[in-house]
Amino acid sequence: MLRRACRGGILLAPEQAKEVWAAGALYEPYVGRWSRLVARDFIEWLAVPRDAEWLDVGCGTGALSAAVLLDAAPRSLYAIDASAGFIAHARAQLPDARASFVVADAQTLPFGSASRDAVVSGLVLNFLPDPVQAVAETMRVLRPGGVCAAYVWDYTGKMEMMRLFWDAAVALDPRALALDEGRRFPLCRAQALGDLYVGAGLRGVEVRAIDVPTRLRDFDDYWSPFLGGQGPAPGYVVSLGLAQRERLRDCLRARLPLADDGAIALSARAWAVRGYAH
């Protein structure tokens with residue numbers, strides 16, 4: 001039964017699957033909820049002094065911004081994202097006088113040089129056209145001694161909900177391999193992430209893993225967020241015909257470790273990097 005459910009049938013050209021970043025309410029149950037778990041450990045690791053001026057680059061639905069406001073006692077926080085929909089969602093969820101949410105480009109930051117104490121980003125570096133330019137912009141706006149830090153998913157293996165998804169999709173259609181984030185994004189690896197920061201001229205660069213549990217109530221709690229169309233894997237799902245989508249769903253159901261009560265216990269690893277301006 002497993003072999004039949006996971007053999008052939010999806011005929012999708014990679015360019016047909018579109019990545020959409022617009023609806024915060026749909027993105028949240030997909031990975032926003034898991035990013036929030038990572039963000040708390042990430043902020044604790046950075047240990048930025050109280051009353052600092054922060055910038056969250058590519059804030060998405062506000063997972064990392066929320067952790068800054070809750071745990072870092074900032075003087076101010078600017079959060080930017082290219083998606084107006086995500087900015088609207090984050091602003092509505094975080095009505096804090098210290099926080100400002102702005103639609104802007106990570107590669108041309110709308111801030112003066114040496115104006116921020118801490119510049120952070122969560123789950124965005126892999127989706128930027130030029131991560132090198134984005135880190136250079138971060139360094140420009142950092143004050144001397146300021147911290148630049150980011151985290152990204154380990155798409156190659158330990159972000160299990162996505163790894164299981166792409167393994168099933170490729171089992172059905174090898175062409176899906178071209179869409180697999182583990183294949184597409186070199187910065188999902190610890191060495192590449194550290195090299196990016198070292199190459200940018202940051203000092204004291206460190207990379208560490210942050211592992212969080214991704215416990216799901218049942219299969220629907222796993223599958224439904226993939227129907228929201230926000231990001232590469234959900235974009236792939238909504239591009240499929242109904243029969244193809246059901247075949248993928250059945251393949252995933254067969255592969256996931258369902259407990260007797262239907263719950264699914266997975267884990268997610270993010271690679272986090274930090275460095276300091278001279």
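**Buried residues, unpaired cysteines and a helix crossing**

Cysteine 188 counts as buried, because its relative accessibility is 0%. The model in which this residue is described is a predicted one, and the cysteines make a convenient place to begin reading it.

How many disulfides does the structure hold? The number is zero. For cysteine 148, the closest cysteine sulfur is that of cysteine 59, and because 16 Å lies between the two sulfurs, they are too far from each other for a bond; the cut-off for a disulfide is a pair of cysteine sulfur atoms within 2.5 Å. Cysteine 188 is likewise in no disulfide, the nearest cysteine sulfur being that of cysteine 148, at 19 Å. Cysteine 148 has a relative accessibility of 2%, and therefore counts as buried.

A further buried position is found in strand β2, which covers residues 76-81 and includes serine 76. This serine has a relative accessibility of 13% and so counts as buried, since the limit for that class is under 20% relative accessible area. When residues up to four places away in sequence are not counted, serine 76 touches Ala52, Glu53, Trp54, Arg98 and Arg116.

From the strand we turn to helix α6, made up of residues 160-172, where phenylalanine 165 has its place. Is phenylalanine 165 buried or exposed? Its relative accessible area is 0%, and it is therefore buried. Once the neighbours within four places in sequence are left aside, phenylalanine 165 is in contact with Tyr222, Phe226, Ala233, Tyr236, Val237, Leu248 and Leu252. Glutamate 206, by contrast, is 41 residues from phenylalanine 165 in sequence, and the C-alpha atoms of the two are 30 Å apart in space.

The packing of α6 against a second helix can now be followed. Helix α11, residues 242-255, packs with α6 at an angle of about 125°, and the axes of the two helices are 9 Å apart. The two helices are therefore oblique to each other, because an angle of this kind falls outside the ranges for roughly parallel, roughly perpendicular and roughly antiparallel. The crossing of α6 and α11 is right-handed. On the α6 side, the contact is made by Leu164, Phe165, Asp167, Ala168, Ala169, Ala171 and Leu172, while α11 contributes Arg247, Leu248, Cys251, Leu252 and Arg255. Sorted by class, the residues in this contact of α6 with α11 are nine nonpolar and three charged, with no polar residue among them. Phenylalanine 165 thus returns here as one of the α6 residues that make the contact, and Leu248 and Leu252, already met among its contacts, belong to the α11 side.

Technical notes
Residues numbered from 1 in each chain as written. Predicted model: local features only at pLDDT ≥ 70, side-chain atom pairs only at ≥ 80, totals over all residues. Heavy atoms only, no water. Helix = DSSP H or I, 4+ residues; strand = E, 2+ residues; numbered from the N terminus. Buried < 20%, exposed > 50% of the residue type's maximum accessible area, 1.4 Å probe, protein only. Contact = heavy atoms within 4.5 Å. Axes fitted to C-alpha atoms, helices over the stretch in contact; angles between N-to-C directions. Parallel < 35°, antiparallel > 145°, perpendicular 65-115°, else oblique. Left-handed = near helix turned anticlockwise from the far one by under 90°. Nonpolar A, V, L, I, M, F, W, Y, C, P; charged D, E, K, R; others polar.
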